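Hi,

Here is the structure I promised to pass on. Have a look at it first, and then read my notes underneath.

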Amino acid sequence: MRWALVKVSLAVTAMVVVAFAVPLGLVIREMARDRAFSNAEREAAAIAPALSITTDREQLERVVASAGSDDAAVAVHIPATGDAKDGTDIGRERAAALDIAAVRKLGRASTTPVTGGSVLLQPVAIGSGGIAVVEVFVPEAEVSNGVGTAWAVLAAVGAALIVGSVAVADRLGVRMVRPAQRLAQGAHELGEGKLGVRVPEEGPPELRSAAVAFNSMADQVVQLLAGERELAADLSHRLRTPLTVLRLNAASLGEGPAAEQTRAAVEQLEREVDTIIRTARDARPQTAAAGPGAGCDAAEVVRERMRFWSALAEDEGRTWRVAGADRPVRIPVARADLAAALDALLGNVFRHTPEGTAFAVDVHNGEDAVIVLVSDAGPGIPDPDAAMARGRGSGSDGSTGLGLDIVRRLAESTGGDVRIGSSVLGGTEVRIRLQADGRTAPERRGHRGAVRRRRPRGAARTFNRSRSLP
């Protein structure tokens, strides 16, 4: 916008300067020409009285000299009278004889171009009844005297006007562009999560109105987010009452593997609720990319969660398998976040497939990414895209769609992704790709092919009903 205003101002001012300066320069040139020939007419008029009285050569030469004229610039042509065959010529003759004869015949003054300038031919009646012609030479330098200086002044004034208009347009452009730039920068910062950014309400009226609207929008966004955080904290706090009942009931179950697992599940649920409340109060995202050196061992987390779910799988007659979790696999995500994602996927297996349905968890450690596959032998997901949409779920009872969204946000926090397809078991396969170096999605597009590895089909077909985990 700033350069557009400068260009428009430059074009308009240049056209105005040309429209006024060029005609004014032509007028100045014509004025200089008229001034030069007016001086020539005055010189010719000074000699005319003497010609009307006498035609004597000596007297006329004295008249020309007394008039202060340059003898080389003024000439007098007297026609022949009486018995004389030739007329009298005084001074240097520059005009052609035909031009002099034409002026004498017509009886009016005229100008004729000659070498080095022009001559003014002025007819004068003499006492003998003839017509004498006074010739006054006007040099070209006298005709253009002062024209170059005047044109230079006009050019300087025009250039000053153009520079001044460009400077004024630039200042006006800055006054308009800076508020717009601040508004755009504020929008970018707000999109990056800097909720405290505000835009100064200054500049033209339209931009001031836009700044006021932006600041009002930012205030409402802050209020809405604060309200959502408070609502999430309140709803999570309400879960503490039933959790207390569950904890008391679990304490009365006595001893045994099932009782211990139930109490461990209640304790974990209490920790998750506390984490949700703290996260909502602190206004920090629950899932964030870990910094350098942080993260967890994906293999260890997989073994731990499979220990938890193996008891329920045994009760429901499900065969299960774990592959690739026998050696450390570092990923840049928090341990609790990966555990929550695995619980969400395994919970979906138990919730949406019939009892006795087999399932498997595979961990593949690539060069720059780690892939976790959770597959089952159930009926599958007819519309994977709809299942990935937040809050839609599969459409069955008890499905909210938030579990897959938790998994997706975990993968995208590292620059990875989540895909749903068909597994070799005949059911659903959820593929979680976690970028090992935590790069964002645009940075890893060129390396996407490096993490697409085929898993060993032979290992995928082996199941253990009660395999002991390392």
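Below is what I found, going from the whole chain to the two sheets and the helices around them.

First, a caution: this is a predicted model. The protein chain has 14 helices and 12 strands. Of its 470 residues, 36% are buried. If you take the contacts with a separation of 6 or more, 63% of them join residues 24 or more positions apart.

**The sheet with E1 to E5**

One open sheet has five strands in the order E2-E1-E5-E4-E3, and the pairing is antiparallel. Strands E2 (88–90) and E3 (110–114) are at the edges with a single partner strand each, so one side of each has no neighbour in the sheet. On average, neighbouring strands here are turned by 20° against each other, ignoring direction.

Two helices sit against this sheet. Helix H1 (residues 2–53) packs on it and touches E1, E3, E4 (117–125) and E5, with its direction at about 150° to that of E5. Helix H3 (residues 97–106) lies across E1, E3, E4 and E5 too, running at about 125° to E5.

If you want a pair of strands to zoom in on, try E1 (residues 74–78) and E5 (residues 131–139), which are antiparallel and joined over four bridges. Valine 74 stands opposite valine 136 in E5.

**The UniProt spans and helix H5**

The unreviewed UniProt entry lists residues 6–28, 114–138 and 150–169 under "transmembrane region". In the model, residues 6–28 are 100% helix and 0% strand, with the end C-alpha atoms 32 Å apart. Residues 150–169 are also 100% helix and 0% strand, and there the end C-alpha atoms lie 28 Å apart.

Helix H5 covers residues 147–191. Its 45 residues should span 66 Å at 1.5 Å a residue, and the end C-alpha atoms are 64 Å apart, so the two values agree. Just after H5, glycine 193 has a positive phi of about 100°.

**The sheet with E7 to E12**

Another open sheet has five strands in the order E7-E9-E10-E12-E11, this one with mixed pairing. Its edges are E7 and E11 (417–422), each with a single partner strand, so one side of each is left without a neighbour in the sheet. Neighbouring strands are turned by 15° against each other on average, direction ignored.

Are the residues of E7 (320–323) buried or exposed? Both faces of the strand are covered: Trp320 and Val322 on one side are buried, and so are Arg321 and Ala323 on the other. E7 pairs with E9 (residues 359–365) in the parallel sense over four bridges, and valine 322 has valine 361 in E9 as its bridge partner.

**Helices H9 and H10**

Helix H10 (residues 335–352) lies across E9, E10 (369–376) and E12 (428–435), running at about 15° to E10. Its 18 residues should span 26 Å at 1.5 Å a residue, and the end C-alpha atoms are indeed 26 Å apart. Buried residues in H10 include Leu338, Ala339, Leu342, Leu346 and Phe350.

H10 also packs with helix H9 (residues 298–315): their axes come within 10 Å and cross at roughly 35°. The crossing is right-handed. Among the residues where they meet are Val302, Met306 and Trp309 in H9, and Leu338, Leu342 and Phe350 in H10.

Cheers

Terms used. Residues numbered from 1 in each chain as written. Predicted model: local features only at pLDDT ≥ 70, side-chain atom pairs only at ≥ 80, totals over all residues. Heavy atoms only, no water. Buried < 20%, exposed > 50% of the residue type's maximum accessible area, 1.4 Å probe, protein only. Pairing = 2+ DSSP bridges. UniProt positions renumbered as here; feature names shortened; annotations may be inferred. Expected span 1.5 Å × (residues − 1). Axes fitted to C-alpha atoms, helices over the stretch in contact; angles between N-to-C directions. Left-handed = near helix turned anticlockwise from the far one by under 90°. Contact = heavy atoms within 4.5 Å.
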